[in-house]
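Let us walk through a protein structure together, one step at a time. Keep the picture beside you as you read, and look for each part when it is named.

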Amino acid sequence: MAEIVMPRLSDTMEEGTILRWLKGDGELVARGSELVEIETDKAAMTYESDQEGVLEIVAPEGATLAIGELIARIGPTATATAEPSTNGQRAADVQPQPQPAPAPEQPVASEAAPAAQQAPVPARAQAPAQAAAAPGTGRIRASPLARRLARESGIDLAALSGSGPGGRIVRADVLGAGGGASAPARAAPAPAAAPAGDGQAAVLEGVATAKGETTVVELTRTQATIARRMAESKATIPDFELQIDVDMEGCVALRSELGRLAAAHGGATGTAAARAPAVPTYNDMIVKAAALALREHPRANGSYRDGQVQIHSRINVGVAVAAQDALIVPTVFDADEKSLGEIARETGVLVERVRGGTITPPELGGGTFTVSNLGMYGIRSFTAIINPPQAAILSVGELQPRAVADGEQVGVRRMLTLTLACDHRILYGADAALFLARIRELLQTPTALTL
């Protein structure tokens with residue numbers, strides 16, 4: 001019987017959560033058919049079976065396992081049906097049958113029907129365990145913590161509706177269903193505080209309720225991974241920041257010209273309309289400028305791993321996208337070799353896929369540098385957290401008109417502020433300053449971006 005283990009679905013994946021089995025226990029599975037939906041550190045992805053036979057599910061939905069751990073078995077029909085250990089229920093069915101075997105009790109019980117009905121008590125004791133196992137094999141989507149709390153509280157998961165991602169039952173749903181059962185348990189310690197004095201008890205009660213009702217929100221796999229990686233970044237990377245102001249008048253003029261060109265193609269039909277250029281955003285221009293500058297400053301395109309600096313030959317720029325309750329960074333591969341129009345079209349598709357929940361792990365991996373933009377929210381400047389093991393991350397502020405001195409004259413120019421956060425183990429101050437200055441130079445003379 002072939003074993004199916006938790007697969008590695010992304011370059012940074014360490015463990016995965018089984019969201020949904022797409023085939024049932026005991027069902028015949030064909031090679032290449034969709035088997036299970038797994039949530040990785042970056043996205044939810046469907047895993048296809050590389051075996052053919054009858055499925056035996058080992059890990060239930062909601063289980064989180066490390067890469068390489070067993071999640072299922074697939075074997076021939078005869079072998080699978082002979083296996084009694086699929087989920088323990090067959091063993092439970094076999095064990096109750098010998099229970100009535102003790103001979104001395106049979107004659108006594110045979111004289112009275114009520115006494116005879118007491119014989120199956122051991123089987124009745126097993127019923128709650130089987131019922132608790134049924135929701136896990138009945139494809140109810142619930143987190144492991146929610147399952148444990150439900151089991152301890154005697155709550156039927158099948159009667160709950162989940163508020164988690166994709167309708168997944170989480171801790172708050174189980175606690176809400178417990179309602180009156182859990183409240184007295186928490187209120188029980190209150191009388192013990194009374195002997196300390198009414199005044200002290202009132203103070204303690206006021207402290208306990210000062211924040212009002214508290215709702216616990218369970219993190220998704222993606223949120224938990226982001227939290228862990230960002231904490232690791234701040235704890236382990238000796239970072240520093242540089243800021244520079246960029247005159248964007250040239251980019252504004254270029255974008256206006258490209259907009260007119262796109263409008264002219266907009267009236268065309270057929271092949272001409274299909275070739276109509278996408279109008280790049282200012283962020284697309286910054287991605288292109290950063291990619292060209294990375295080509296000239298390869299150390300900024302490096303990573304720090306195991307006490308060594310790795311310099312990458314490909315320039316893959318990640319673009320931070322705000323998704324629902326998460327920050328996702330899809331990758332524009334070989335951004336230095338793509339035209340401004342190609343970058344505009346590709347980033348537009350990636351953003352739609354992120355917000356539509358259809359982005360795949362390969363589109364989220366392989367980044368060597370990251371651009372994060374909060375300018376659309378009116379943020380003038382900010383410092384983003386470096387995405388390890390990358391050398392740096394570029395933060396983009398709001399494009400806004402500012403009073404700028406030009407000799408003895410003061411004029412209004414459209415400006416924005418770029419902030420570069422750097423890993424000092426890879427980039428030193430002078431190197432980072434030259435790299436950031438080159439990005440500004442490319443943006444202030446944006447003709448180079450169109451070449």
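**A walk through the model**

We begin with a pair of charged side chains: those of K338 and E346 meet in a salt bridge, with 2.5 Å from N to O. E346 counts as partly exposed, since its relative accessibility is 21%, and partly exposed is the class between buried, under 20%, and exposed, over 50%.

Now step back to the whole protein. Please keep in mind that this is a predicted model. The protein contains 17 helices and 19 strands. It has 451 residues, of which 36% count as buried. About 23,800 Å² is exposed by the protein, and carbon and sulfur atoms supply 54% of that area. What share of the contacts between residues at least 6 apart in sequence joins residues at least 24 apart? The share is 63%.

Let us return to salt bridges. How many does a search of the whole structure find? The search finds 16 salt bridges. One of these pairs is R20 and E37, whose side chains meet at 3.1 Å, N to O. R20 belongs to strand β2 (residues 15–21) and E37 to strand β4 (residues 34–39), so this salt bridge ties together parts that are 17 residues apart in sequence. The two partners can be told apart by their cover: R20 is partly exposed, with a relative accessible area of 37%, whereas E37 counts as buried at 16% relative accessibility.

Another salt bridge joins R438 and E441, with the closest N and O atoms 3.2 Å apart. Both of these residues lie in helix α17 (residues 429–444), where they are 3 residues apart, about one turn of the helix. E441 counts as partly exposed, at 44% relative accessibility. Salt bridges that share partners also bring in E296, so to speak: E296, R438 and E441 are joined into one network.

Next, look at the sheets. In an open sheet, 4 strands stand in the order β1-β8-β6-β3, and their pairing is antiparallel. Why do β1 and β3 each have one side without a neighbour in the sheet? β1 (2–5) and β3 (28–29) stand at the edges and each has a single partner strand, so one side of each is left open in this way. Further in, strand β6 (residues 53–57) pairs with strand β8 (residues 70–75) in the antiparallel sense over 4 bridges. You can find this pairing by looking for E56, whose bridge partner in β8 is R73.

A different strand to find is β16 (369–373). Is it enclosed or open to the outside? Of its 5 residues, 5 are buried, so β16 is largely enclosed by the rest of the structure. Both of its faces are covered: F369, V371 and N373 are buried on one side, and T370 and S372 are buried on the other. β16 pairs with strand β12 (residues 317–319) in the parallel sense over 3 bridges, and V319 has V371 as its bridge partner in β16. β16 also pairs with β17, again in the parallel sense, over 4 bridges. There, N373 has V396 as its bridge partner in β17.

The loop between β16 and β17 (392–396) is worth a visit too, for I379 lies in it. With M376 and Y377, I379 forms a nonpolar patch on the surface, and together they have about 340 Å² of accessible area. I379 itself counts as partly exposed, at 32% relative accessibility. P389 lies in the loop between β16 and β17 as well, and a cis peptide bond joins P388 and P389, with omega about 10 degrees.

Two other loops hold a backbone detail. D306 is in the loop between β10 (302–305) and β11 (308–311). Its phi is near 50 degrees, a positive value in a residue other than glycine. D306 counts as exposed, with 77% relative accessibility. D334 sits in the loop between β15 (331–332) and α15 (340–356), and phi of D334 is also positive, near 50 degrees.

We finish with cysteines. A disulfide is a covalent bond between the sulfur atoms of two cysteines. How many disulfides does a search of the whole structure find? It finds 0. C251 is buried, with a relative accessible area of 0%, and C422 is buried with a relative accessible area of 0%.

Notes: Residues numbered from 1 in each chain as written. Predicted model: local features only at pLDDT ≥ 70, side-chain atom pairs only at ≥ 80, totals over all residues. Heavy atoms only, no water. Pairing = 2+ DSSP bridges. Disulfide = S-S within 2.5 Å. Buried < 20%, exposed > 50% of the residue type's maximum accessible area, 1.4 Å probe, protein only. Contact = heavy atoms within 4.5 Å. Areas by Shrake-Rupley, 256 points an atom, 1.4 Å probe, with all protein chains shown as cover. Patch = residues over 30% accessible without salt bridge, like charges linked within 9 Å, V, L, I, M, F, W, Y side chains within 5 Å. Salt bridge = Lys/Arg side-chain N within 4 Å of Asp/Glu carboxyl O.
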